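Work through the exercises below with the sequence and the model side by side, and try each task before reading its solution.

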Amino acid sequence: MKVFCGRANPTTGSVEWLEEDEHYDYHQEIARSSYADMLHDKDRNMKYYQGIRAAVSRVKDKGQKALVLDIGTGTGLLSMMAVTAGADFCYAIEVFKPMADAAVKIVEKNGFSDKIKIINKHSTEVTIGPGGDMPCRANILITELFDTELIGEGALPSYEHAHRHLVQENCEAVPHRATVYAQLVESRRMWSWNKLFPVRVQTSLGEQVIVPPLELERCPGAPSVYDIQLNQVSPTDFTVLSDVLPMFSVDFSKQVSSSTASHSRQFEPLASGQAQVVLSWWDIEMDPEGKIKCTMAPFWAHSDPEELQWRDHWMQCVYFLPEEEPVVQGSALCLVAHHDDYCVWYSLQRTSPEKDGRAHPARPVCDCQAHLLWNRPRFGEINDQNRTDQYVQALRTVLKPDSVCLCVSDGSLLSILAHHLGAEQVFTIENSAASHRLMKKIFKANHLEDKINIIEKRPELLTPADLEGKKVSLLLGEPFFTTSLLPWHNLYFWYVRTAVDRHLAPGAVVMPQAASLHMMVVEFRDLWRIRSPCGDCEGFNVHIMDDMIKHALDFRESKEAEPHPLWEYPCRSLSEPQQILTFDFRQPVPPQAICAEGAIELRRPGRSHGAVLWMEYHLTPDSMVSTGLLKPAEDKGYCCWNPHCKQAVYFFNTTLDPRVPPGGPQTVTYTVEFHPHTGDVTMDFTLSGALDRGC
């Protein structure tokens, strides 16, 4: 059966109705899941197995049957571990039906169908008693309900319900306990992901400074955590202001509460500075004694950095304080962790909240619009003074005293740059109400509300009256649009340029004047794991899961490249970067497809895990901005990526291993095509001389 799905095309800006398989959403969920990454996490798997063996043994030593409740079973791996460890029976709950169906097959394939019952329900819907899903309460509770923030997947409500209705009092729990840790730091780089800094513009009349609105400075920011691979942040990018502080623990073997709570830790700052950011992570202890521990600590806080386990399903957290506060070395303060049933946030206080009787502060919510419009990398991009200077230099070469400018980007400061550099009149199109309100606040804070005209409408609806009857002599874009995920989605600028063509004066300048799509074949240090088949996991056959993911990846959208911020995921280039498509913004979008065929020769030994693609924008003939590679790769191929952008990664199914001579030069042959009607970029790769040697 086929169904029609509405999709907003980020490249063309139009809404499309596409015919999809009725299980389309399921396939998308599976294809983008972290199941493979979790199954490749040997540290996680090994610690769970050890904890499960110990829990089953403790129950058996009491002369009791070991009855296991496994919430969020996924592949059924932990239940199979429990049965192998001696559990008498397991009730494995999985709410996601395709995953539950796969778990049934995996359990059967491994010969455990008589000991494991897969229950396709949410745990809160499971019934106990005669005729119910479970005949009685379990005495061992096994779960893997955690995300990077620990509680973001609803672990607390699930545990709370399980203890009230599904497990015995004082049951064994694996994991037994979780502890959340925090460290206070000062970091201009990380703070730039949360606040708008003053932006400096050198003009013929001297330096102009774009200041943030007071409302933005006081805004507590977005409520969501920023989860990143903290190990890829250089220690030189932050100053440690506190020791690592254990903020709060949850004992999963006892009744758990999902109510809002606060936990304070007094500390003496290790250095004087500006308290801005809280770095946070957690560990789980699989046994009551705490001898079997799985930690998410970054390398500087890890007990054995040599044994650091790479994982993408659990990373580390960056939290921003509501406002930066000065701290003095040795002068005691309280760091307070607050949480509700799904979120954690932090505050810094002079005294313990328990002592002054203050109520729990509400979860921070953005009230300035900026954190709703700009994500954290976008804040960093706008705060990048070097990038601003590059745009200023390019603008100087195209601006004239009589320039009538039209700026087309979401929440961009380009219009202010154009004004300060002497444009006669500046208009800016803001598609959304949020961007309109934000830009109005920024213009007002800089006394520009009467200098720059904001037009809140879609570009194709623009009328001569909106432009006060004038023709545009300079069309500007960064380009940046909030709907863009993949690098070429910002080609929406080209469609906007086409839509406003009739409003352009003869000889009008478009900046950027062109863009180009670039590609390079790489070997990832770790990211390959998210797409690598697992086969056997801790001795259990999970090929069915591999096949399920492969089938999901065969669907159209799942076969496309994936956006990843590669500054967080180190890789080595195996080929030289190659320009494969060009887009001339000086002309409207052409009716015919833009195609490229060619081959990239692999010049370095290594395993070719995939191709990385990015855009370069040619502002003028002499100025270019890259969203990908920032400089040529080092001799060994290590790459420096734009930290403000996500690059596109197309994972290969097979890996090339040049260390095994294939009898000739190894190449990756490609066909890449841009389809103007749909705005899609399709690609196909053939790996000549490929040796299927796994990862």
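The exercises go from the whole protein to one helix, then to cavities and a single residue.

This is a predicted model, in which local features need pLDDT of at least 70 and side-chain atom pairs count only at pLDDT 80 or more, while totals for chains, interfaces and linings use all residues. Residues are numbered from 1 along each chain as its sequence is written, and side-chain values use heavy atoms, with hydrogens and water left out.

**Exercise 1. Describe the overall build of the protein.**

Start with secondary structure, where helices (H or I, at least four residues) and strands (E, at least two) are DSSP runs numbered from the N terminus: the protein has 16 helices and 36 strands. Next, take the extent of the C-alpha atoms, which fill a box of roughly 90 × 70 × 50 Å along the principal axes. Then compare the radius of gyration, taken over C-alpha atoms, with the globule rule of 2.2 Å times the number of residues to the power 0.38; the protein has 28 Å, which agrees with the value near 26 Å for a compact globule of 695 residues. Finally, 57% of the 695 residues count as buried, a term that means under 20% relative accessible area with a 1.4 Å probe and protein chains only.

**Exercise 2. Find out how helix H6 (residues 155-165) sits in the structure.**

First list the buried residues of H6, which are Ala155, Leu156, Ser158, Tyr159, Glu160, His161, Ala162 and His163. Because eight of its 11 residues are buried, H6 is largely enclosed by the rest of the structure. Then ask what covers these buried residues: the cover includes strand E3 (67-71), strand E6 (138-143), strand E7 (167-174), strand E13 (245-251) and strand E18 (333-339).

**Exercise 3. Characterise the two largest cavities.**

A cavity is a set of points on a 1 Å grid over the protein atoms alone where a 1.4 Å probe fits but cannot get out, and lining residues have an atom within 4 Å of a point. The search of the whole structure finds three cavities of 30 Å³ or more, a volume being the space filled by probe spheres set on the points, which are joined across faces, edges and corners.

For the largest cavity, the space is about 130 Å³. Helix H11 (376-382), helix H12 (385-398) and helix H13 (414-420) each supply at least two lining residues, and H12 gives the most, with three. By class, its lining divides into seven nonpolar, two polar and three charged residues.

For the second largest cavity, the space is about 50 Å³. Strand E15 (273-285) and strand E17 (316-327) each supply at least two residues of the lining, with the largest share, three residues, coming from E15. Among the residues that line the second largest cavity are Trp281, Trp282 and Tyr319.

**Exercise 4. Locate alanine 297: is this residue buried or exposed, and which residues does it touch?**

Begin with the position, which is in the loop between strand E16 (293-295) and E17. Alanine 297 counts as buried because its relative accessibility is 5%. Leaving out residues up to four places away in sequence, alanine 297 touches Trp281, His302 and Leu308, where contact means heavy atoms within 4.5 Å. As a last step, the C-alpha atoms of alanine 297 and leucine 308, which are 11 residues apart along the chain, are separated by 8.6 Å.

Definitions and conventions: 1 Å grid on protein atoms, 1.4 Å probe; cavity = no way out; pocket = protein on both sides within 12 Å on 5 of 7 lines; lining within 4 Å. Nonpolar A, V, L, I, M, F, W, Y, C, P; charged D, E, K, R; others polar. Buried < 20%, exposed > 50% of the residue type's maximum accessible area, 1.4 Å probe, protein only.
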